[in-house]
Amino acid sequence: MKKSNLNILVLDGGGSKGVYTLGVLKELELKLGSPLYKHFGLIYGTSTGSIIAALIGLGYKIDDIEKLYLDLIPKIMKCRTKSGKSKALEREGKKIFGTKKFNQFKTNIGIVALNYETQMPLIFKTDLGQAHGMKQSFTPGFGCTIETAVRCSSAAYPFFEKMSIETESHGKIEVVDGGFIANNPTLYSIIDAYKALDYDEKKLHILNIGVGNYIENSNGILSKILKKIGLFAFFERVLNSSTNSNSTISKLLFPNLDLLRISDSFPEPKHGTNMFEYDLEKLKKMIQLGRSSYAKYEKEIIKLLRLE
């Protein structure tokens, strides 16, 4: 027997640009009047979206996540080497998440990474109900800590180091950023809800928030060098391709979905940025842009989440 309604929140990857996502969510939480985990039965995230998803799932308010991000981003993105960035992410991640595991989430979560060896998705999940097979060996988050899972999802190789993790039932796995397989993880959230959790397609209400689209701009000497050889542009294209393909496939396979995607474009040169942005003024501006996007879609969001 199919179940009733399920609200799903899906958050894209995009490095520092995740502050745009926070801008949208900030206004949404104010509208709802309580922490977001209380309003979504499933939250999916990739890369920076996985960090935000995890914090929401633990009960953090968006204001607190915003403060963490504005402190966290410069500490990580100012590092010049992939080793430096990775160590900074690990250090800061452990400060925030400690040794918490997936049984401490207050709602169902999906954190997307990529198994580098098999080139297959590796999705850290909270609940046995989200498993599509091998339920006898299911362990929430593969037995890993939340901190480990979000670092796997955020391991944007070659700008960050690949992750090597030890799981409880699948052994040792080499992992990289989930953006390579599903920078927009909407499709994976739908499959969980429809196939595993047994919700009717028409009962799913999905809010997918991206990171915005901007003119690429480089900051720092290393970033300018990488831009010159085209590495930044190539990486951004990979993420955009992943985002667009997952969005298109979701709509084709599930045409009756109640789905709203928010990720506006800001082509003005003054908004130029990239996923490694660490200038606080630009980061704060992206938060403002996210809040403006919320205002643009507020009526649609209210209808989607049945807030009328």
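# Notebook: enclosed helices, internal spaces and selected loop residues

**Entry 1. Helix H5.** I began with helix H5 (residues 146–153), where eight of the eight residues are buried, so H5 is largely enclosed by the rest of the structure. I note here that the model is a predicted one. The buried residues of H5 are Ile 146, Glu 147, Thr 148, Ala 149, Val 150, Arg 151, Cys 152 and Ser 153. I recorded that Glu 147 and Arg 151 are on this list of buried residues.

**Entry 2. Helix H3.** I next checked the length of H3. At 1.5 Å a residue, its 16 residues should span 22 Å, and the end C-alpha atoms are 21 Å apart, which agrees. I then looked up which residues of H3 are buried, and found Ile 62, Ile 65, Glu 66, Tyr 69, Leu 70, Leu 72, Ile 73, Pro 74, Ile 76 and Met 77. Against which helices do the buried residues of H3 pack? They pack against helix H1 (18–32), H2, H4 and helix H10 (280–304).

**Entry 3. The largest cavity.** I searched for closed spaces and found two cavities of 30 Å³ or more. The largest cavity holds about 180 Å³ of space. It is lined by 15 residues, and those closest to its centre are Gly 15, Thr 48, Ile 51, Met 77 and Ser 154. Helix H2 (48–57) and helix H3 (62–77) are the elements that give two or more residues to this lining. Which element gives the most to the lining of the largest cavity? H3 does, with five residues. I sorted the lining of the largest cavity by class and obtained ten nonpolar residues, five polar residues and no charged residues.

**Entry 4. The second largest cavity.** The second largest cavity holds about 50 Å³ of space. Its lining consists of Ile 51, Leu 72, Leu 89, Glu 92, Gly 93, Ile 96, Phe 97 and Val 150. I connected this list with earlier entries: Leu 72 is among the buried residues of H3, and Val 150 is among the buried residues of H5. Helix H4 (residues 82–97) gives the most to the lining of the second largest cavity, with five residues. By class, I noted six nonpolar residues, one polar residue and one charged residue in this lining.

**Entry 5. The largest pocket.** I then turned to the pockets. The largest pocket has a volume of about 640 Å³. Among its 24 lining residues, Pro 121, Ile 123, Lys 125, Phe 142 and His 170 are the closest to its centre. At least two residues of the lining come from each of strand S4 (120–125) and helix H7 (186–196). I found that S4 gives the most to this lining, with six residues. The lining of the largest pocket divides into twelve nonpolar, ten polar and two charged residues.

**Entry 6. Asp 12.** I located Asp 12 in the loop between strand S1 (6–11) and H1. Is Asp 12 buried or exposed? Its relative accessible area is 2%, so Asp 12 is buried, the cut-off being under 20%. The side chain of Asp 12 makes a polar contact of 3.1 Å with the side chain of Asn 208. Leaving aside residues up to four places away in sequence, I listed the residues that Asp 12 touches, including Thr 46, Thr 48, Asn 183, Asn 208, Thr 243 and Arg 261.

**Entry 7. Gln 130.** I found Gln 130 in the loop between S4 and H5. Gln 130 has a relative accessible area of 0% and is therefore buried. The side chains of Gln 130 and Asp 192 are joined by a polar contact of 3.1 Å. Residues up to four places away in sequence not being counted, Gln 130 touches Leu 42, Tyr 44, Asn 108, Ile 109, Lys 125, Asp 192, Ala 196 and Leu 197.

**Entry 8. Backbone details.** Where does the model contain a cis peptide bond? One joins Tyr 157 and Pro 158, with omega at about 10°. Pro 158 lies in the loop between H5 and strand S5 (163–167). I also looked up positive phi values. Gln 119 is a residue other than glycine, yet its phi is positive, near 60°. I placed Gln 119 in the loop between strand S3 (108–115) and S4, and Gln 119 counts as partly exposed at 46% relative accessibility. Asp 198, which is not a glycine, has a positive phi of about 70°. Asp 198 belongs to the loop between H7 and strand S7 (204–209). At 27% relative accessibility, Asp 198 counts as partly exposed.

How values were computed:
Residues numbered from 1 in each chain as written. Predicted model: local features only at pLDDT ≥ 70, side-chain atom pairs only at ≥ 80, totals over all residues. Heavy atoms only, no water. 1 Å grid on protein atoms, 1.4 Å probe; cavity = no way out; pocket = protein on both sides within 12 Å on 5 of 7 lines; lining within 4 Å. Points joined across faces, edges and corners; volume = space filled by probe spheres on them. Helix = DSSP H or I, 4+ residues; strand = E, 2+ residues; numbered from the N terminus. Nonpolar A, V, L, I, M, F, W, Y, C, P; charged D, E, K, R; others polar. Expected span 1.5 Å × (residues − 1). Buried < 20%, exposed > 50% of the residue type's maximum accessible area, 1.4 Å probe, protein only. Contact = heavy atoms within 4.5 Å. Polar contact = N/O pair within 3.5 Å; in protein donor to acceptor, adjacent residues only side chain to side chain.
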